[in-house]
Amino acid sequence: MERKVRVRFAPSPTGPLHIGGARTALYNYLFARQHGGEMILRIEDTDSQRFVPGAEEYINESLKWLGIGIDEGVKEGGNYGPYRQSERRDIYREHVKQLLDSGKAYIAFDTPEELDAARQATQNFQYDASTRMSMRNSLSMPKEEVDKLIAEGAKYVVRFKIEPGRAVKVDDLLRGEVTIKSDILDDKVLYKSADDLPTYHLANIVDDHLMEVSHVIRGEEWLPSAPLHVLLYEAFGWTDTMPRFVHLPLLLKPDGKGKLSKRDGDRLGFPVFPLEWHDPKSGEISSGYREKGYLPEAVVNFLALLGWNPGDDTEIMSMDELIGKFSFDHCSRAGAKFAFEKGKWFNHMYLQSKSDTELAELFIPVLEREGVDTAAFSQDYIAKATGMVKGRVNFVGELWDNAKFFFRAPDSYEAKSVKKRWTEGMGGIMAELIGVLEGFEDFTSPEIEPCVLGWIEKKGYHLGNVMNAFRLAVVGECKGPHMFDITALLGKAETISRLRTAIERLGFGPATVE
């Protein structure tokens, strides 16, 4: 009988969620949803020395913003909890005892100084079958001495006993069958008495088994640990429930070689975290995709295609479409360069796909931050203004620079345009234009444009100079949407008022800018 698909995303709360981790979470989610399965969020906080306050909350908020739904977790609950590893000590102790009782693990008392001395004495020292009997552990020491040390409170670790001469096979859905010789593996530490917590290796295996995880989808960096995990499953007698592994390719620097890092983002000006992160220790603030103005659906689409493709040229895909198309058959084994400029393109495309009303809702907070009394403008007005300029932007925040003249009359005029367009007598021509415009009661009339253009032709004025001076007076610079779309939205009174202000400030020409 085929197992129900159950996947887990298991981050450590040691800082903000890296964008590579977000992609791993996304692939887990897509795979689970495609197969009608469930997704678990497990917090792996066994490394008490690296715990960072606020990191767990940040992880939850990041996944929520990205639309990655969690079925079981610390917040959601579930039948397989607790979902925070620091709350599962009793479970881990029981399994440590099981390994010790079966002879699959042993207790080691070696101090850090003794381990350093061994490394210095032996080149490429490895704690394994060839060296363990020369170290201080329950295999090399009398039982009485071991019991005495434990009774006296001596600190110790529990190591997994790996037998040499084994060919360990890892079944990876992406990379096929990977075989590793056990001789190259060391006796990994599974438990530390100092903090009464297991290491990643033990906790990971025990939790995956007890939570009935069917597929372990994680980053390529965990591939070297997979043989150990296979051996642990065998040691516990759980081979029938061993999950299928998928080790995803790394996200690489946009330029050069190596894994994507925060320094790359700082150097090239893009975020490497889903949300803005405030480091509680250093006070450093790291930028986030949300705060930079990216839409979550754009980030998801961008991330999905870093190391995977749908098998055709489709690029724009909703979450539901990604779920329908996702398959490890089309995942790359090689690392994926983090083409951050492509992320901007995705955001642009998703902005364009939104209705003017939807985009206006996103724009309103920007307007308010700029001091605009949004209550003075109708929703329809804001939506129309937004719609006129949205094709020019990649981010919601950029709407302000392109649309601010709809909400605030210019208080200055772009110097180069003044010099080029506000030529001798232009103030007088603008005064004439006011007279032409005053003749229209309905300022949305499609007749305004041909009438104004006809007037310019009849008077023998230079079309480009007049229309650019008109734009300069109304907008403050010679750019923006179609001029008569602008005036239709601003209305007759506001348009004429701006023309009069420009004449007053720039004079009749040639003008100078103070």
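Two strands are taken to pair if DSSP finds at least two bridges between them. This criterion is applied here to a predicted model. Strand 10 (215–219) and strand 11 (residues 244–248) meet it. They pair in the parallel sense over five bridges. Within this pairing, Ile217 stands opposite Val246 in strand 11. Strand 11 also has little exposure along its length. Four of its five residues are buried, so strand 11 is largely enclosed by the rest of the structure.

A separate set of pairings was examined next. Strands of a sheet pair through backbone hydrogen bonds, either parallel or antiparallel. An open sheet is formed by four strands in the order 4-5-8-9, with antiparallel pairing. Strand 4 (105–108) and strand 9 (197–198) stand at the edges. Each has a single partner strand, so one side of each is left without a neighbour in the sheet. Strand 4 pairs with strand 5 over four bridges, in the antiparallel sense. Here Ile107 has Val158 of strand 5 as its bridge partner. Strand 5 and strand 8 are joined by three bridges, again antiparallel. In that pairing, Val158 stands opposite Tyr191 in strand 8. Val158 thus has a place in both pairings, with Ile107 and with Tyr191. The antiparallel pairing of strand 8 (residues 189–192) with strand 9 runs over two bridges. Tyr191 appears again in this pairing, with Pro198 in strand 9 as its bridge partner.

The side chains of strand 5 (residues 157–160) were then considered. Val157 and Arg159 point one way from the strand. Val158 and Phe160 point the other way. All four residues are buried, the charged Arg159 among them.

Helix packing was described next. Two packed helices are described by the angle between their axes and the distance between the axes. The axes of helix 9 (residues 296–304) and helix 11 (residues 340–353) come within 9 Å and cross at roughly 135°. That makes helix 9 oblique to helix 11. Their crossing is right-handed. From helix 9, the contact involves Glu297, Ala298, Asn301 and Phe302. From helix 11, it involves Phe340, Lys342, Gly343, Phe346, Asn347 and Tyr350. By class, the residues of this contact are five nonpolar, three polar and two charged.

Helix 11 also holds His348. At 18% relative accessibility, His348 counts as buried, since the cut-off for this class is under 20%. Neighbours within four places in sequence were set aside for its contacts. His348 is then in contact with Lys390, Gly391, Val393 and Asn394.

A second helix pair was also described. Helix 18 (residues 463–475) and helix 20 (residues 492–506) pack at an angle of about 100°, with their axes 8 Å apart. The two helices are therefore roughly perpendicular to each other. Helix 18 contributes Phe470, Leu472, Ala473 and Val474 to the contact. Helix 20 contributes Thr495, Arg498, Leu499, Ala502 and Leu506. Seven of the residues in this contact are nonpolar, one is polar and one is charged.

Backbone geometry was examined in three loops. The peptide bond from Gly81 to Pro82 is cis, with omega near -5°. Pro82 lies in the loop between strand 3 (72–73) and helix 3 (89–101). Asn124 is not a glycine, yet has a positive phi of about 55°. Its loop runs between helix 4 (112–121) and helix 5 (143–151). Asn124 counts as exposed, at 72% relative accessibility. Glu212 also has a positive phi, near 55°, in a residue other than glycine. Glu212 is placed in the loop between helix 6 (200–210) and strand 10 (215–219). At 41% relative accessibility, Glu212 counts as partly exposed.

Notes: Residues are numbered from 1 along each chain as its sequence is written. This is a predicted model: local features need pLDDT of at least 70, side-chain atom pairs count only at pLDDT 80 or more; totals for chains, interfaces and linings use all residues. Side-chain values use heavy atoms; hydrogens and water are left out. Axes are lines fitted to C-alpha atoms, for helices over the stretch in contact, and angles run from 0 to 180 degrees between N-to-C directions. Angles under 35 degrees count as roughly parallel, over 145 as roughly antiparallel, 65 to 115 as roughly perpendicular and the rest as oblique. A crossing is left-handed if the near helix is turned anticlockwise from the far one by less than a right angle, and right-handed if clockwise. Contact means heavy atoms within 4.5 Å. Buried means under 20% relative accessible area, exposed over 50%, partly exposed in between (1.4 Å probe, protein chains only).
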